[in-house]
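User: I should like to learn how to read the features of a protein model. Please take me through them one at a time.

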Amino acid sequence: MTEAVARLQDRYPAVPVEVELAAGNAADVLVAASRSAQLIVVGHHGGGGLLGPSLDPVTHHLLQRSDCPVLVVHGMAPA
């Protein structure tokens with residue numbers, strides 16, 4: 001993960017980024033982080049079927065309960 005963040009920070013140095021490791025249920029940790037964040041960005045690798053891409057339970061939970069905007073990034077190409 002830190003390599004991906006470092007590549008993006010090199011590419012977009014004006015965008016402030018905080019990386020924080022936390023223990024606990026991922027959905028609950030992200031919702032708690034949303035209380036003091038301006039934006040939460042989460043990745044999504046697809047899935048789904050006839051009805052289109054489906055969200056994983058963590059992303060779905062975050063979208064329903066976040067206190068800030070959430071950006072779901074679908075399949076980002078390597079830098």
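User: In which element is Thr-59 found, and is Thr-59 buried or exposed?

Analyst: In this predicted model, Thr-59 is part of helix 3. A residue is called buried when its relative accessible area is under 20%. Thr-59 has a relative accessible area of 3%, so it is buried. Setting aside residues up to four places away in sequence, Thr-59 touches Val-42 and Val-72.

User: Which residues make up the largest nonpolar core?

Analyst: That core has six residues, namely Val-31, Ile-40, Val-42, Leu-62, Cys-68 and Val-72. Ile-40 serves as an example of how contacts are listed. Not counting residues up to four places away in sequence, Ile-40 touches Leu-30, Ala-33, Ser-34, Leu-62, Cys-68, Pro-69, Val-70 and Leu-71. For the chain as a whole, buried residues make up 15% of the 79 residues.

User: How should I read the order of the elements, and how many helices and strands are there?

Analyst: The chain has three helices and two strands. Read from the N terminus, the elements follow the order α-α-β-α-β. Contacts add a second view of the arrangement: of those with a separation of 6 or more, 58% are between residues 24 or more positions apart.

User: What is the distance between the C-alpha atoms of Ala-26 and Thr-59?

Analyst: Their C-alpha atoms are separated by 9.4 Å, although the two residues are 33 residues apart along the chain. Ala-26 is found in helix 2. Its relative accessible area is 42%, and a residue between the cut-offs of 20% and 50% counts as partly exposed, so Ala-26 is partly exposed.

User: How many salt bridges does the structure hold, and what is the idea behind such a pair?

Analyst: Side chains of opposite charge can pair when their charged atoms come close. The structure holds one salt bridge. Arg-35 forms it with Asp-67, and the closest N and O atoms are 3.8 Å apart. The pair links distant parts of the chain, 32 residues apart: Arg-35 is in the loop between helix 2 (26-34) and strand 1 (40-44), and Asp-67 is in the loop between helix 3 (57-65) and strand 2 (70-74). Both residues, Arg-35 and Asp-67, are exposed.

User: Where does Gln-38 lie, and why is Gln-38 called exposed?

Analyst: Gln-38 lies in the loop between helix 2 and strand 1. The cut-off for exposed is over 50% relative accessible area. Gln-38 reaches 75% and is therefore exposed. Apart from its neighbours within four places in sequence, Gln-38 is in contact with Cys-68 and Pro-69. Gln-38 and Asp-67 are 29 residues apart in sequence, with 8.9 Å between their C-alpha atoms.

User: Which residues make the nonpolar surface patch?

Analyst: Leu-8, Tyr-12, Val-15, Val-17 and Val-19 make this patch of about 410 Å². Val-17 lies in the loop between helix 1 (2-11) and helix 2. With a relative accessible area of 41%, Val-17 is partly exposed. The accessible surface of the chain comes to about 6200 Å², and 57% of this belongs to carbon and sulfur atoms.

User: What is the mean pLDDT of the chain, and which element has the lowest mean?

Analyst: The chain has a mean pLDDT of 82, and 81% of its residues reach 70 or more. Among the elements, helix 1 has the lowest mean pLDDT (82), whereas helix 2 has the highest (95).

Terms used: Residues are numbered from 1 along each chain as its sequence is written. This is a predicted model: local features need pLDDT of at least 70, side-chain atom pairs count only at pLDDT 80 or more; totals for chains, interfaces and linings use all residues. Side-chain values use heavy atoms; hydrogens and water are left out. A salt bridge is a side-chain nitrogen of Lys or Arg within 4 Å of a carboxyl oxygen of Asp or Glu. Helices (H or I, at least four residues) and strands (E, at least two) are DSSP runs, numbered from the N terminus. Buried means under 20% relative accessible area, exposed over 50%, partly exposed in between (1.4 Å probe, protein chains only). Patches are made of residues with over 30% relative accessible area and no salt bridge: like charges are joined within 9 Å, nonpolar side chains (Val, Leu, Ile, Met, Phe, Trp, Tyr) within 5 Å. Accessible areas come from the Shrake-Rupley method with a 1.4 Å probe; for residues, only the protein chains shown count as cover. pLDDT is the predictor's confidence in each residue, from 0 to 100. A nonpolar core is a set of buried Ala, Val, Leu, Ile, Met, Phe, Trp, Tyr and Cys residues joined through side-chain atoms within 4.5 Å. Contact means heavy atoms within 4.5 Å.
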